[in-house]
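Reader: I am new to this structure and should like to understand the terms used to describe it. May I put some questions to you as we look at it together?

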Amino acid sequence: MAHTARTMPEGGTPADAAVPADTQPELISGGHLVAKALKAEGVDVIFTLCGGHIIDIYDGCVDEGIAVVDVRHEQVAAHAADGYARITGRPGVAVVTAGPGTTDAVTGVANALRAESPMLLIGGQGALSQHKMGSLQDLPHVDMMSPITKFAASVPATERVADMVSMAFRECYHGAPGPSFLEIPRDVLDARVPVDKARIPQAGHYRASTRSAGDPDAVERLADLVAHAEKPCVLLGSQVWSCRGTDAAAEFVRALNVPAFMNGAGRGTLPPGDPHHLQLARRYAFQNADLIIIVGTPFDFRMGYGRRLSTKATVVQVDLDYRTVGKNRDVDLGIVGDAGLVLAAVTQAASGRVDNGSVARKAWLEELRAVETQAYDKRLPRQHSDAVPIDPYRLVHEINEFLTPDSIYIGDGGDIVTFSGQVIQPKSPGHWMDPGPLGTLGVGVPFAMAAKYARPDKEVVCLFGDGAFSLTGWDFETLVRFDLPFVGIVGNNSSMNQIRYGQIQKYGEARGRVGNTLGDVRFDEFARMLGGYGEEVRDPAGIRPALERARESGKPSLINVWVDPEVYAPGTMNQTMYK
């Protein structure tokens, strides 16, 4: 009988001899390495739409105690990650499959870039072993994502998975915050490697604090400018909230008697009724101030690219991003640093002076308050209008009156949300959310999802345009499925009215309805169909009672309010693109 010779490796042990169980290396998959890296960053939830390329991440999340919120569209997952970051101050995470899964998320990532929101998008990819072979859903994701992220890369080996997740998080906080993208090929994600061969960064040990108090000499100079200014004002932008510098900002304006305006996520830094809180007198202030301090907002279209500021004023800009300071408009002083730390340092430096000028600025504050009151009184009759169809000013007035100090307000729309920006005042810091300078429609449902998930103790109130809701509205069902109640209001005029106004101005009334007219959709019935609460309102007297019933329902809700389609917000009528 023939025998086959056995191969004996060096050392004399048969090659197929069993390795004792207690000496076998502990193995871990790429998906579980992702979950461990997310856990190290403090991530407690991912927003996702499933796909075969990414399911091992779900398995890892289950083991690490990370919740999986599955949505109906990848754009929603990305927006929700963005919204989660804004609410919590921690990076949000979305996980999507390859190809169309990743391209569907592009809008959410782009929005986070312009809004300076730290989020990580993880995308699937075909196996490395099938590279350039035409595998399922194969696309050049990294090339596509690089222009709209602070960091975009592909993971080349399973051992590097957790290391590169931590690298992506680190890059989210380089300068002003923003999104990162990481693609993980399927075979890299599914492979199992010895734990001791994988780099797994430890929580708190792989990135440093990014909080900078700015150049001390520049801080002293700003303190001197404030002390000697007769008519200063400050604009508190979104970075005041993203830096969690709202307390320092409030102390700055109160201690030094500086009138304050707020935009973006900076809204709510001062509560309504604060003597330093101004909203409607901004144009007057920017034209008559002798010192204008712009904190955490760029000179972009919202600021007229800096041209709205008086050429006679001394202009100071404080920003996390060096590239933003002095962009589009020269400044007299630029400070790169954390908004809260810089303002706290300026307050301390100026408060130590014999005369910091605060008493002498009383007349300037009274001058601005008179302008503010005049503008408010002029608009007040429309806020109380009983007209039918409903005047949008009446709708946003009722919403403003409905909000509590614990209400997070979200605006998702064009013309109707432009109305709300004039009237609605959040009562607490961090309680205002809008898409940001990209002007993305469709953020409302995912932002509501993220806000309510992250802060179940808060009430979430969202105003939609009917066109905006339509983009991501099917994920209303996700809010029902995960029991995330919110009060939703649709300002319904069956039109994309902001664009309609511009078309009328350019081409006349006869062509004012081309490509911008929607059907008369009963969004209240849509909400009820999906298991939420819905009401229709045509009489302005019915708005507040309907809002109260939505609040009491404890469900995701949509109050469908029919507003006048022939009325436009001043901000819509003043847009330069229509001139």
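Reader: How many salt bridges does the count come to?

Author: The model is a predicted one, and the count comes to 32 salt bridges.

Reader: What makes the contact of Asp338 and Arg211 a salt bridge?

Author: The rule asks for a side-chain nitrogen of Lys or Arg within 4 Å of a carboxyl oxygen of Asp or Glu. The side chains of Asp338 and Arg211 meet at 3.3 Å, N to O, so the pair satisfies the rule. Asp338 lies in the loop between β13 and α13, and Arg211 in the loop between β8 and α9, so this salt bridge ties together parts that are 127 residues apart in sequence.

Reader: Why is Asp338 called buried, and why is Arg211 called partly exposed?

Author: Buried means under 20% relative accessible area, and partly exposed lies between that value and 50%. Asp338 has 3%, and is therefore buried. Arg211 has 48%, and is therefore partly exposed.

Reader: How do you know that Arg323 and Asp321 form a salt bridge, and are these residues buried or exposed?

Author: Their side chains meet at 2.8 Å, N to O, and the limit is 4 Å, so the pair counts as a salt bridge. Arg323 has a relative accessible area of 62%, and since exposed means over 50%, Arg323 is exposed. Asp321, at 11%, is buried.

Reader: Which residue forms a salt bridge with Arg500, and how far apart are the closest N and O atoms?

Author: The partner of Arg500 is Glu566, with the closest N and O atoms 3.0 Å apart. Arg500 belongs to helix α20, whereas Glu566 is in the loop between β19 and α23, so the pair ties together parts that are 66 residues apart in sequence. Arg500 has a relative accessibility of 4% and therefore counts as buried, while Glu566, at 49%, is partly exposed. Elsewhere, salt bridges that share partners join Arg522, Asp524, Glu525, Arg528, Glu536 and Arg538 into one network.

Reader: Why is the six-stranded sheet said to have edges, and which strands stand there?

Author: The six strands form an open sheet with parallel pairing, in the order β3-β2-β4-β5-β7-β6. β3 and β6 each have a single partner strand, so one side of each is left without a neighbour in the sheet. From one strand to the next, the twist averages 20°.

Reader: What makes β4 and β5 a pair?

Author: Two strands pair if there are at least two bridges between them. β4 (residues 92-96) and β5 (residues 119-125) have five bridges, in the parallel sense, so they meet this condition. One of the bridges joins Val95 to Ile122 in β5.

Reader: How do you know that the span of helix α14 is close to the expected one?

Author: Helix α14 covers residues 362-383 and has 22 residues. At 1.5 Å a residue, 32 Å is expected, and the helix reaches 30 Å from its first C-alpha to its last. Helix α14 also bends by about 25° at Asp377, and Pro381 follows within four residues.

Reader: Which residues of α14 are buried, and what covers them?

Author: The buried residues are Trp364, Leu365, Leu368, Glu372, Arg379 and Gln383. Their cover includes β9, α12, α15 and α16.

Reader: Which residues does a cis peptide bond join?

Author: The cis peptide bond joins Val388 and Pro389, with omega about 0°. Pro389 is placed in the loop between α14 and α15.

Reader: What is said of phi at Arg244 and at Ser494?

Author: Arg244 has a positive phi of about 55°, although it is not a glycine. Ser494 likewise has a positive phi of about 55° and is not a glycine. Arg244 is in the loop between α10 and α11 and, at 33% relative accessibility, is partly exposed. Ser494 is in the loop between β17 and α20 and, at 7%, counts as buried.

Reader: Why is Arg86 called buried, and with which residues is Arg86 in contact?

Author: Arg86 lies in helix α3. Its relative accessible area is 16%, and the limit for buried is under 20%, so Arg86 is buried. Beyond its neighbours within four places in sequence, Arg86 is in contact with residues including Asn111, Trp241, Arg244, Met433 and Phe447.

Conventions. Residues are numbered from 1 along each chain as its sequence is written. This is a predicted model: local features need pLDDT of at least 70, side-chain atom pairs count only at pLDDT 80 or more; totals for chains, interfaces and linings use all residues. Side-chain values use heavy atoms; hydrogens and water are left out. Helices (H or I, at least four residues) and strands (E, at least two) are DSSP runs, numbered from the N terminus. The expected span of a helix is 1.5 Å times one less than its number of residues. The bend at a residue is the angle between axes fitted to the seven residues ending there and the seven starting there. Buried means under 20% relative accessible area, exposed over 50%, partly exposed in between (1.4 Å probe, protein chains only). Contact means heavy atoms within 4.5 Å. Axes are lines fitted to C-alpha atoms, for helices over the stretch in contact, and angles run from 0 to 180 degrees between N-to-C directions.
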